[in-house]
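Me: Could you take a close look at one part of this model for me? I'd like to hear about the largest pocket, and then about any buried acids that have no salt bridge.

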Amino acid sequence: MQDNAICDTTYSETAPDSAAVLAAYLATWNATDPRELSALLEAHWNADVAYTDPLAEVGGHDGLTALVAAVHAQFPGFVFTAVGEPDGHHRQVRFQWGLGPEGGAPVVIGSDVVVLDADGKVVDVRGFLDVVPEVAA
């Protein structure tokens with residue numbers, strides 16, 4: 001085994017602008033106007049994007065459009081916000097987000113890792129739910 005097999009320091013690709021990726025991501029999830037959502041998807045998301053979290057697995061712009069609409073229907077008036085600072089390397093960015101009433105504390109908190117394609121568009125999302133409120137039986 002080579003000495004550099006685990007830690008290859010020759011990779012020279014610059015890290016993505018994690019804050020910009022997060023801002024575009026949150027803007028997409030907060031878009032309620034179909035034309036705005038479509039424009040954000042076109043600008044920041046690969047047409048063949050794959051999105052997976054514990055509650056959904058969708059693909060493409062149409063799949064994401066339906067998922068965003070479903071979240072807004074389930075949580076009317078709620079907004080997505082950043083929780084902490086994003087970080088990234090190579091073509092990956094990870095961050096925590098919150099979903100809650102505008103100006104209020106989030107009631108749901110999740111963590112996502114996004115992978116960008118060569119053009120800097122989101123091509124893959126792996127989402128996790130960190131804090132989920134209990135539902136009354």
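Reply: Let's start with α3, since that helix gives the most to the lining of the largest pocket, with four residues. Bear in mind that this is a predicted model. The pocket has a volume of about 440 Å³. Other elements chip in as well: those giving two or more residues to the lining are α1 (18–30), β1 (45–53), α3 (60–74), β4 (92–101) and β5. The lining comes to 20 residues, and L55, V71, Q74, F75 and L129 are the ones that lie nearest the pocket's centre.

For some background on the fold, the protein chain has three helices and six strands. Reading along the sequence, you get the pattern α-α-β-β-α-β-β-β-β. Of the 137 residues in the chain, 34% are buried. As for contacts between residues at least 6 apart in sequence, 45% of them join residues at least 24 apart.

Now for the acids. Strand β5, one of the elements in that lining list, covers residues 108–116 and holds D112. D112 is buried yet has no salt bridge. The nearest side chain of opposite charge belongs to R126, and R126 is 10 Å away. A salt bridge needs a side-chain nitrogen of Lys or Arg within 4 Å of a carboxyl oxygen, so R126 at 10 Å doesn't make one with D112. What D112 does have is polar company: its side chain makes a polar contact of 2.3 Å with the side chain of Y25, and another of 3.1 Å with that of W97. Leaving out residues up to four places away in sequence, D112 touches Y25, V93, R94, F95, W97, V125, R126, G127 and F128. R126 is therefore on the touching list, where contact means heavy atoms within 4.5 Å, even though the charged pairing is absent.

Carry on past the strand and you come to D117, in the loop between β5 and β6 (122–131). Here too you have a buried residue with no salt bridge. For D117, the nearest side chain of opposite charge is that of K121, 6.5 Å away. The D117 side chain makes a polar contact of 2.8 Å with the side chain of N46. With residues up to four places away in sequence left out again, D117 touches N46, R91 and V123.

Definitions and conventions
Residues numbered from 1 in each chain as written. Predicted model: local features only at pLDDT ≥ 70, side-chain atom pairs only at ≥ 80, totals over all residues. Heavy atoms only, no water. Buried < 20%, exposed > 50% of the residue type's maximum accessible area, 1.4 Å probe, protein only. Lys, Arg positive; Asp, Glu negative; His and termini not counted. Polar contact = N/O pair within 3.5 Å; in protein donor to acceptor, adjacent residues only side chain to side chain. 1 Å grid on protein atoms, 1.4 Å probe; cavity = no way out; pocket = protein on both sides within 12 Å on 5 of 7 lines; lining within 4 Å. Points joined across faces, edges and corners; volume = space filled by probe spheres on them.
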